[in-house]
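Biologist: Please take one part of this model and examine it closely, explaining each term as it arises.

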Amino acid sequence: MTAAPLDTSFPKLELHMHLEGAAPPAFIAGLAREKSIDISGIFDGHGNYRFRDFDDFLKVYEAACTTLQSPEDFYRLTLAVLEQSAKHGVIYTESFISPDFCGGADLVAWRAYLAAIEEAADEAERRFGIMMKGIVTCVRHFGADQAKKAAHCAAETAGNFVVGFGMGGAETMGRTADFAYSFDMAREAGLHLTSHAGEWGGAEMVRETLHHLKVSRLGHGFQCIDDPDVLQEVIEKGIVLELCPGSNVALNAVPSWETHPIEKLRAAGAKITVSSDDPPFFLSDMTYEFTQLAKVFGWGETQFAQVQDIAVQAAFCDEDTRATLAKRIAA
Ligand code: ADE
Ligand code: ZN
């Protein structure tokens with residue numbers, strides 16, 4: 001007897017996706033052609049992004065971003081990305097958006113780029129039934145001074161669409177405490193906070209990030225499992241982990257799906273959610289993430305519903321939106 005095919009078409013929330021990182025390679029290749037930019041080296045023979053390791057991934061990512069040069073480019077990007085996400089059942093997405101890639105973290109330029117992203121998000125909501133909120137993001141390896149500029153952009157545009165501030169990039173570069181000023185500025189502007197930590201920097205980086213940046217969510221954060229005290233702190237404080245297992249496997253942050261600690265973290269009582277990070281880079285999408293979780297860890301309706309419930313509670317949105325999302329996932 002063959003098992004019934006697993007239904008992964010349920011409505012999903014995604015809390016951790018980078019807007020530029022979700023750019024389909026064909027979209028970036030098209031922009032490069034239009035602008036006569038030679039970035040052919042970032043693609044493999046199948047037209048997919050090609051990278052060797054995490055450092056190389058960041059270089060390829062930044063090379064792809066050189067083709068995104070105007071608010072109009074970001075309008076097209078946002079619409080294309082949200083259409084893709086909606087195809088995988090995503091009804092709500094929190095996307096990282098980086099002032100550094102939108103006019104060099106200049107506030108005047110940022111306002112224009114953000115307006116275009118927001119306009120595309122409105123259009124996507126009408127056409128594809130997906131809602132997007134923005135988490136303005138600084139890039140750790142660009143340094144603490146540049147992070148302050150991104151935080152200033154975030155603070156000045158905080159509101160119904162920009163709901164959070166975060167940090168991505170090379171986690172092992174720079175001192176975490178040096179970014180506290182930026183996170184304080186964002187917090188004072190009423191923004192919710194998340195930071196990548198515990199993807200590469202170990203449990204100690206999780207501890208530092210909680211103490212210095214006082215975030216309520218962690219991008220990845222799975223390495224907290226390597227220190228029982230840090231794991232306990234994550235659980236006791238109710239810190240939400242934005243887990244992206246497909247990304248971790250593709251970047252070799254873990255050796256395989258089988259060794260990913262996601263199920264151990266869930267069983268230990270950590271608040272876990274599931275996201276795709278930079279889906280085309282990792283040949284992933286939200287359907288793939290959940291299909292793998294079912295295959296590798298035997299997840300089914302109970303676990304799917306559990307992570308979606310946590311995501312609704314952890315979303316950085318307003319309470320009316322949260323109530324609407326709760327109804328939609330329960331329907
Ligand atoms: N930026 C985009 N994807 C990232 C990741 N997985 N880790 C850190 N920074 C990122
Ligand atoms: Zn990420």
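Modeller: By class, the shell around ligand 1 holds no nonpolar, 6 polar and 3 charged residues; Asp, Glu, Lys and Arg count as charged, Ala, Val, Leu, Ile, Met, Phe, Trp, Tyr, Cys and Pro as nonpolar, and the others, Gly among them, as polar. This is a predicted model, in which local features need pLDDT of at least 70 and side-chain atom pairs count only at pLDDT 80 or more, while totals for chains, interfaces and linings use all residues. Residues are numbered from 1 along each chain as its sequence is written, and chains are lettered from A and ligands numbered from 1 in the order written.

The shell comprises His18, Gly21, Gly168, Gly169, His196, Glu199, Ser247, Asp277 and Asp278 (C-beta atom, placed from the backbone, within 6 Å of the ligand).

Let us turn to a strand. Strand β7 (a DSSP run of E, at least two residues; helices are runs of H or I, at least four, and both are numbered from the N terminus) spans residues 240-243. Val240 and Glu242 point one way and Leu241 and Leu243 the other, and all are buried (20 or more other C-beta atoms within 10 Å of their own; exposed means 12 or fewer, partly exposed in between, with C-beta atoms placed from the backbone).

β7 runs parallel to strand β6 (residues 217-220), joined by 3 bridges (pairing requires at least two DSSP bridges). Here Gly219 stands opposite Glu242. With strand β8 (residues 271-274), β7 pairs in the parallel sense over 4 bridges, and Leu243 has Val274 as its bridge partner.
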